[in-house]
Amino acid sequence: MLVPIFTLKLNHKINPRMVAVGKYDGTHPCLTAATQAGKVFIHNPHTRSQRFSAQRLVQSSQDSDVTLLNINQSVSCLTAGVLDPQLGYDALVVGTQTNLLAYDVHNNSDLFYKEVTGDNVRSLALCDFDGDGKKELLVGSEDFDIRVFKEDEIVAEMTETETITALCPMYASRFGYALSNGTVGVYDRTARYWRIKSKNLAMSIHAFDLNSDGVCELITGWSNGKIDARSDRTGEVIFKDNFSSSVAGVVEGDYRMDGSPQLVVCSIDGEVRGYLPSSQEAAGSLMDTSVEQELVRELSHKKQNLLLELKNYQENSKQAESRVQVSESDGHMGVIPANTQLQTALSVSQGSDTHPAHVELSISTSNDTIIRAVLIFAEGIFEGESHVVHPSAQHLTGRVRVPICPPKDVPVDLHIKAFVGYRSSVQFHVFELTRQLPRFSMYVLSNPASTPEPPSYVTFTISERVQRVVLWLNQNFLLPEDTDTQSAPFPVSFTCLRSAGPLVISVKPNGQVSLRTDDMDLAGDIIQSLAAFLAIEDLHVEADFPKYFEKLRKVLVQVDESHSVHQKLTADMADQSNMVRSMLVQAEDARLMRDMGNMKKRYTELYDLNRDLINCYKIRCNNHMELLNSLRGVNQAIQRAGRLRVGKPKAQVITACRDAIRSNNVNALFRIMRVGAMSS
Ligand code: CA
Ligand code: CA
């Protein structure tokens, strides 16, 4: 067993996810964390004689080893690391809602203080994703995506089912991730190795080789105070421990200064524990789990299950023998016919007044057996990821229909377990199978003649046979079984079950493809899906989304207005501040002259001016928030325009759009979004 080699109790409440270790003098690692009161504490047990004196840093009155850094604003993130290699020591970087501070703790001075604006990025990590020896930037977003950047080009995108709250490099192209719904797991490049889901939230993840086998485990600190170390390959727990409150951060540092780094875990109540990796000799025996013991346990578990199964079969065959004598109508007992099959079918249901439109999963048996219950496991579709259907006794039949409404256009594996038997059965045969829900399952085929043609479209040309596109269509949409897919069905029209918006896909014999939809995201998804299926590396696309572009034009006008309002307000406030100063002088002069009448008058004016200033500040604040929202909208539009393209044209469109924004060339921006960037 692994026990902490040190424990500390700091008298400070620690903000979750805001914990780092920095060597601010280049030598001594200091645990650093944000507290709830807008302060950052730095725990430095190594150099007690050192006292800080300047403005930001003050000694804590509660812990002698702790110095406090006043931020005077609630802290939203924090990290430590080498900012300037020439300095030779770590800088502390603290982010708030509006500012970023880089701080030289050693010299007690600001390195820089900048106004910054937040975006929908929630997690970052550096990892050599493509194995070329250079690290790529992994970005986890609020909109469920993990994006991989090489320079400023997105080279891969993985869609998850929730906000990505944490990312950490493991080794080579492998990295860990955590979601806001209690999921943690490991990816190798774009493929997910394993994942687990807890009802608790993963507060912090970190890669650390705890059993000294040369490979990092994924260490997770949970909201219920648990920490666990999981094998990078299987997700199996090899070590766990418990804190009395939620874990705030998992970091590492050589806290004892003896050359071997420890895993350092701290809780929101300020409890800190350091763990040293188990010694080489004891490696593998962390949880008392030697390979042999593990195998014996696994085999005896299997044995138990087989014995139980055998017993059930014996019971059933006994009953089957006695049943031969009784009449057929008496019903069957547990045994179902050997040729019983479980059939599944997916179809699109338009819905009715009582039931909204959905995808219907129909599960049925091939004979007179009934389905007692169905269990479905699927990521991102059901609350808690699982769904159970168990009809009441009078409604037991050989068919169960399950409505499914995938919230996003991503392919989902449905893992189905069905309990099949007879009405009187006590034991049931369990069928297990997996069906994949196609990516665009929420689109129902509609009559082209009665489908209104959307004014928005994208067009591009492919050098593939039309039949290949038909194949893609079959794999990615739920087409009715009687659809004739031998002949080219184009144009083909769909209606979205979520928005009721139309989608028309047509392919001409010369390879010209056109998609008509007002949903720019859908157009992007279809282009990405089709390009991946046909292995197209670069795709140039022309597009027009009149309604969306008109909205974007208004947003750009809004950005301009917000900018000029900002300038005017800033100037006004500067004027008023000057007036405050002169009024104060006048009021004080009046007081010294004992001219109480004038003094009172000046202070009343001052009071009014102060109120105006506060109002002005509120207006400026609202204006700033509006500006941020508009800028976010513009950025989203650029990403959307990029997603309509593939490969080089995609990167070119994004770069060119950004250039157009920078040079304030609105017409160029829309031209690029429509026809793509001119390849230079
Ligand atoms: Ca790389
Ligand atoms: Ca290990």
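In the predicted model, the calcium ion (ligand 1) is held by protein donors from Asp128 (OD), Asp130 (OD), Asp132 (OD), Lys134 (O) and Glu136, the last of which is listed with two OE entries, at 2.1 to 2.4 Å from the ion. Along the chain, these donors follow the spacing D-x1-D-x1-D-x1-K-x1-E. The angles among the six donor atoms run from 55 to 175 degrees, and the site is irregular. Octahedral geometry would require opposite donors to be over 155 degrees apart and all other angles to lie between 65 and 115 degrees; the value of 55 degrees at this site therefore falls outside the octahedral limits. Lys134, which contributes its O atom, is exposed, with a relative accessibility of 59%. Glu136, in contrast, is buried, with a relative accessible area of 1%.

The calcium ion (ligand 2) has protein donors from Asp209 (OD), Asn211 (OD1), Asp213 (OD), Val215 (O) and Glu217, again with two OE entries for the glutamate, at distances of 1.9 to 2.8 Å. The donor residues are spaced D-x1-N-x1-D-x1-V-x1-E in sequence. Because the six donor atoms subtend angles of 51 to 171 degrees, the arrangement around this ion is irregular. Val215, which supplies its O atom, is buried at 17% relative accessible area. Glu217 is likewise buried, with a value of 2%.

Ser212 is located in the loop between β19 (202-208) and β20 (217-222). Its phi is positive, at about 55 degrees, although the residue is not a glycine. Most residues other than glycine have a negative phi. Ser212 is also buried, with a relative accessible area of 15%. A positive phi near 55 degrees is found for Arg594 as well, another residue other than glycine. Arg594 lies in the loop between α4 (546-592) and α5 (596-643). With a relative accessible area of 69%, Arg594 is exposed, whereas Ser212 is buried.

Strand β2 (residues 14-23) has seven of its 10 residues buried, so the strand is largely enclosed by the rest of the structure. β2 pairs with strand β3 (residues 29-35) in the antiparallel sense, over six bridges. Among the paired residues, Lys23 has Pro29 of β3 as its bridge partner. Five residues separate the two strands in this hairpin, and Gly26 adopts a positive phi near 85 degrees there.

How values were computed: Residues numbered from 1 in each chain as written. Chains lettered and ligands numbered in written order. Predicted model: local features only at pLDDT ≥ 70, side-chain atom pairs only at ≥ 80, totals over all residues. Heavy atoms only, no water. Donors = N, O, S within 2.8 Å, 3.2 Å for Na, K, Ca; no water. Tetrahedral: all angles 85-135°; square planar, octahedral: opposite > 155°, others 65-115°. Buried < 20%, exposed > 50% of the residue type's maximum accessible area, 1.4 Å probe, protein only. Helix = DSSP H or I, 4+ residues; strand = E, 2+ residues; numbered from the N terminus. Pairing = 2+ DSSP bridges.
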